[in-house]
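Trainee: I have a structure open in front of me. Could you show me how to read it, one feature at a time?

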Amino acid sequence: MAAVAGVTGPATAGAPGPAADGPVRVLIVDDDPLVRAGLSMILGGVPDLLVVGEAADGSEVPAAVDAYAPDVVLMDIRMPRLDGLAATEALRSLPRPPEVLVLTTFDADDQVLRALRAGASGFLLKDTPPAEIVRAVLRVAAGEATLSPTVTRRLIDHVTGPGTAAGPDPRRERALRLLAGLSEREREVAVALGQGRTNAEIAAELHMSVATVKAYVSRLLTRLDLNNRVQVALLVHDAGLV
């Protein structure tokens, strides 16, 4: 495999990827080599995870994804040439994009919203304990959203806060229009996602199996043309249903 400029990976990075039941392949993107080394050490010691490569800037992400075929990209926000938010937006436009877990020292509302609306499946602060980072990567790889508690509270407050101007709200109108096309059961699952419920919690609350909940979530993503359950939750918040 040809070398990728500015992108590094372990000696096995060019080998064929693991089987479908193999470890979760992770690409680490951060402009700080010490942070990359620390994350590689944390994740590299977990049997279910395999760090397949690293990149130092968002501009290097497309080549790195093409070279290493990660399942999850652990993405910094602030980088010198192309930030992680723009890199996430570019990644999620691919036909079969990897999941993106944003990791940053900042939790500004606009950054959270932009990352999640772009299709990131999670958002963690860099002071998150190592064990929580590992769990977050595994959850994102399994299709579950993950946000630090602080970020979740700020996000909900920001999205559901009072408007600053009277008149029509295009985002709310769009959300209501999309959700109006759902069945009653689909709307119930969507609202539960907006409330931050896990699949197991939704199953118990709506008296269905976890497998059925997963099927409904997949159907919602297809019908609403969204990338992940976080975006469904944001749509529900935009519509004012939670």
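Trainee: In which helix is L39 found?

Mentor: Happy to help! L39 belongs to helix α1, which covers residues 33-44. Do keep in mind that this is a predicted model.

Trainee: Why does L39 count as buried?

Mentor: Buried means under 20% relative accessible area. L39 has a relative accessibility of 8%, so it counts as buried.

Trainee: Which residues is L39 in contact with, leaving aside its neighbours within four places in sequence?

Mentor: With that filter, L39 is in contact with I28, G44, L74, L103 and I133. You can also compare sequence and space: L39 and V51 are 12 residues apart along the chain, and their C-alpha atoms are 9.2 Å apart.

Trainee: Now the strands. How do β5 and β6 pair?

Mentor: Strand β5, residues 99-104, runs parallel to β6 in this pairing, with four bridges between them. Look for L101: opposite it, in β6, stands G122.

Trainee: Are the faces of strand β6 covered or open?

Mentor: Both are covered. On one side G122 and L124 are buried, and on the other F123 and L125 are buried too.

Trainee: Which residues touch the most other members of the largest nonpolar core?

Mentor: That core has 26 residues, and the ones touching the most other members are L27, V29, V61, V73, M75, L91 and V102. Helix α2, residues 61-68, gives the most to this core: five residues. Try clicking on L91: beyond four places in sequence, its contacts are V61, V65, V73, M75, P97, P98 and V100. Apart from this core lies another, of 22 residues, including I202 and Y216.

Methods
Residues numbered from 1 in each chain as written. Predicted model: local features only at pLDDT ≥ 70, side-chain atom pairs only at ≥ 80, totals over all residues. Heavy atoms only, no water. Buried < 20%, exposed > 50% of the residue type's maximum accessible area, 1.4 Å probe, protein only. Helix = DSSP H or I, 4+ residues; strand = E, 2+ residues; numbered from the N terminus. Pairing = 2+ DSSP bridges. Contact = heavy atoms within 4.5 Å. Core = buried A, V, L, I, M, F, W, Y, C linked by side-chain atoms within 4.5 Å.
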